[in-house]
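Me: I have a model open and want to go through some local details. Can we take them one by one?

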Amino acid sequence: MDGVTDAPFRRLCRVLSGNRMGLLVSEFVPTDGDAVFNPEGHKQLRFFPEERPFGVQIFGRFPDRMADAARKIAAKYSPEYIEVNAGCPAPKVAGKGSGSGLLRDLPRLQEILHDVRSALDRSGADIPLTLKCRIGWDSESINIMEALAIAEGEGVEMLTVHGRTRLQGYNGLADWDWIGKAAAAAKIPVIGNGDVNSVDVARERIENYGVAGVAIGRGAMHNPWIFGQIADAWEDKPARVITAAEALDVFKLYYGFKIEDGSTDKGAEGRLKQLAARLCKGFCLDERGGEADGESLDVALQVRQALLSSSCAAELLDRAQSLKEGLAKDLVFDPGRLVNLNGAKETEIKYGDQFKGR
């Protein structure tokens with residue numbers, strides 16, 4: 001979620017949830033690039049008090065640098081936990097032996113976890129160590145059970161499993177059977193991750209796969225209300241209709257968070273447009289229970305185009321206000337209208353090779 005789950009977006013999600021989110025985690029923080037890790041040089045470490053409980057996720061391939069970074073982060077920021085990333089599939093990360101590349105070198109993963117845990121213990125910081133990983137490098141080398149055993153042996157206190165392989169990237173569906181197997185065998189809490197995009201999916205995963213909870217990443221990009229919707233369901237509250245007017249109000253809030261975080265006006269504009277492109281896919285006339293007709297889709301497309309064609313952030317915010325009182329006044333935001341997180345219909349687990357040969 002690098003470049004997505006920065007402090008402004010995390011704060012937005014927490015506000016929209018009514019402050020009922022569980023754990024938040026940072027964008028992942030690189031440790032390989034610095035000869036001597038300097039926390040001041042990593043904007044990903046910035047977070048706000050209202051984000052707690054908050055964890056910092058680090059990645060790299062050198063055990064000593066990972067340990068040094070963890071020690072310094074613990075001393076400076078006192079996060080509620082520090083997490084090692086063994087899940088990122090990007091070629092520039094996994095291809096260099098960090099992220100999910102560690103799943104091809106389990107002895108190195110073990111050394112990293114050992115050294116990070118030891119560094120935290122020596123520093124006197126009472127901070128849990130967690131691990132985020134995928135189920136394996138490819139369909140022929142699924143090794144999540146081995147990774148789990150290593151994690152437990154090195155003092156990891158929670159494991160989050162993304163149910164895809166590294167080569168799979170985000171293709172196909174996450175394999176929750178493997179997540180369930182890990183959860184059943186684990187002595188520590190296992191969190192399931194992958195394709196959780198609605199209240200119904202979250203409930204089904206928790207009830208049927210024995211996980212201690214679910215982690216949501218891309219689902220929040222398309223529906224930042226999802227955490228509040230899940231909290232409502234767990235509190236036995238009825239599902240709430242989100243109007244398009246309410247959704248359009250989010251842009252002003254998000255813009256304020258971006259500027260407070262030090263973003264330029266142009267940078268904030270880009271992030272507003274990214275959010276608009278995703279949210280407008282869920283706009284429709286209030287026709288719950290049926291397919292969106294041509295008129296509904298046409299109006300939603302007009303709203304989307306009006307926002308995306310804005311020449312600056314101020315114009316986008318002005319247009320959002322005008323749309324609330326005009327074109328969008330009869331629309332609602334229905335995340336069920338979104339095709340899915342990949343933008344194409346997925347019906348089965350497929351071990352496709354998004355990063356074949358890399």
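Me: Which residue with a positive phi follows α5?
Reply: This is a predicted model. Helix α5 covers residues 144-153. Behind α5 comes a residue whose phi is positive, near 85°. That residue is Gly155.

Me: How are the buried residues of α5 arranged around its axis, and within what arc do they fall?
Reply: The buried residues are Ile144, Ala147, Leu148, Ile150 and Ala151. They line one face of α5, because, seen down the helix axis, they fall within an arc of 165°. An α-helix has 3.6 residues a turn, so residues three or four places apart point the same way. The arc asked for is 165°.

Me: Which elements do the buried residues of α5 pack against?
Reply: Two of the partners are helices and two are strands, as their names show. The buried residues of α5 pack against β5 (129-136), β6 (158-165), α4 (106-123) and α6 (176-185).

Me: Which strands stand at the edges of the open sheet of 3 strands?
Reply: The order in this sheet is β9-β11-β10, with antiparallel pairing. Each edge strand has a single partner, so one side of each is left without a neighbour in the sheet. The edge strands are β9 (242-243) and β10 (283-285).

Me: Which residue in β11 stands opposite Phe283?
Reply: Strands β10 and β11 (residues 331-333) run antiparallel, joined by 3 bridges. Strands of a sheet pair through backbone hydrogen bonds, either parallel or antiparallel. Opposite Phe283 stands Phe333.

Me: Where is the cis peptide bond that precedes Pro53, and which residue does it join to Pro53?
Reply: Pro53 sits in the loop between β2 (29-30) and β3 (54-59). Omega of the bond is about 0°, and the bond is cis. The residue joined to Pro53 is Arg52.

Me: Asn19 has a positive phi although it is not a glycine. Is Asn19 buried or exposed?
Reply: Phi of Asn19 is about 60°. The residue lies in the loop between α1 (7-16) and β1 (24-25). Its relative accessibility is 52%, and the cut-off for exposed is over 50%. Asn19 therefore counts as exposed.

Me: Asp195 also is a residue other than glycine with a positive phi. Is Asp195 buried or exposed?
Reply: Asp195 has a phi near 70°. Its loop runs between β7 (190-193) and α7 (199-209). The relative accessible area is 14%, and buried means under 20%. Asp195 is therefore buried.

Note on methods:
Residues are numbered from 1 along each chain as its sequence is written. This is a predicted model: local features need pLDDT of at least 70, side-chain atom pairs count only at pLDDT 80 or more; totals for chains, interfaces and linings use all residues. Side-chain values use heavy atoms; hydrogens and water are left out. Buried means under 20% relative accessible area, exposed over 50%, partly exposed in between (1.4 Å probe, protein chains only). Helices (H or I, at least four residues) and strands (E, at least two) are DSSP runs, numbered from the N terminus. The arc is that of the directions from the helix axis to the C-beta atoms. Contact means heavy atoms within 4.5 Å. Two strands pair if DSSP finds at least two bridges between them.
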